[in-house]
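Here's a quick briefing to read alongside the model. Have the sequence and the 3D view open as you go.

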Amino acid sequence: MKVFFLCIIIVALCVLLLGVKVFFVRGASFPSGHVHSSPALRRRGITCASANDNDIKQTKK
């Protein structure tokens, strides 16, 4: 039972530390993890797989 509570405390601490900026800065948000919002990936021509699938489906129609 001690291990369970220790795990819960560790997870809660991690969530708090990951969200410090979001929780305490007005207007802040978590950074986007999507491919389309990364300038480095766009420069390399890397796109989202689901966007590629949609493009292929539209060209087949």
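Leu16 is partly exposed, with a relative accessible area of 40%; partly exposed is the range between buried (under 20%) and exposed (over 50%), using a 1.4 Å probe and protein chains only. Leu16 sits in helix α1. This is a predicted model, where local features need pLDDT of at least 70 and side-chain atom pairs count only at pLDDT 80 or more, while totals for chains, interfaces and linings use all residues. Residues are numbered from 1 along each chain as its sequence is written, and side-chain values use heavy atoms, with hydrogens and water left out.

**The nonpolar patch**
- Leu16 also belongs to a nonpolar surface patch, together with Val11, Leu13, Val15, Leu17, Val20, Phe23, Phe24 and Val25.
- The patch adds up to about 860 Å² of accessible area (Shrake-Rupley method, 1.4 Å probe, with only the protein chains shown counting as cover for residues).
- To join such a patch, a residue needs over 30% relative accessible area and no salt bridge, and nonpolar side chains (Val, Leu, Ile, Met, Phe, Trp, Tyr) are linked within 5 Å, like charges within 9 Å.
- A salt bridge here is a side-chain nitrogen of Lys or Arg within 4 Å of a carboxyl oxygen of Asp or Glu.
- Two elements give two or more residues to the patch: α1 (2–18) and α2 (20–24).
- The biggest giver is α1, with five residues.

**The aromatic pair**
- You'll find one aromatic pair in the structure.
- Phe4 and Phe5 have ring centres 5.7 Å apart and planes at 65°, so they count as edge-to-face (centres within 6.5 Å make a pair; planes under 30 degrees apart are stacked, over 60 edge-to-face, the rest tilted; for Trp the six-membered ring is used).
- Phe5 is partly exposed too, at a relative accessible area of 47%.

**Overall build**
- The protein has four helices and zero strands (DSSP runs: H or I of at least four residues for helices, E of at least two for strands, numbered from the N terminus).
- Its radius of gyration is 19 Å, well over the 10 Å that the globule rule gives for 61 residues, so the protein is more spread out than a compact globule (C-alpha atoms only; the rule is 2.2 Å times the number of residues to the power 0.38).
- The C-alpha trace spans about 60 × 30 × 20 Å along its principal axes.
- Just 2% of the 61 residues are buried.
- Accessible surface comes to about 5800 Å², and 67% of that belongs to carbon and sulfur atoms.

**Confidence**
- Average pLDDT (the predictor's confidence in each residue, from 0 to 100) is 83, and 98% of the residues score at least 70.
- Confidence peaks in α1, at a mean of 94, and is lowest in helix α4 (residues 49–60), at 73.
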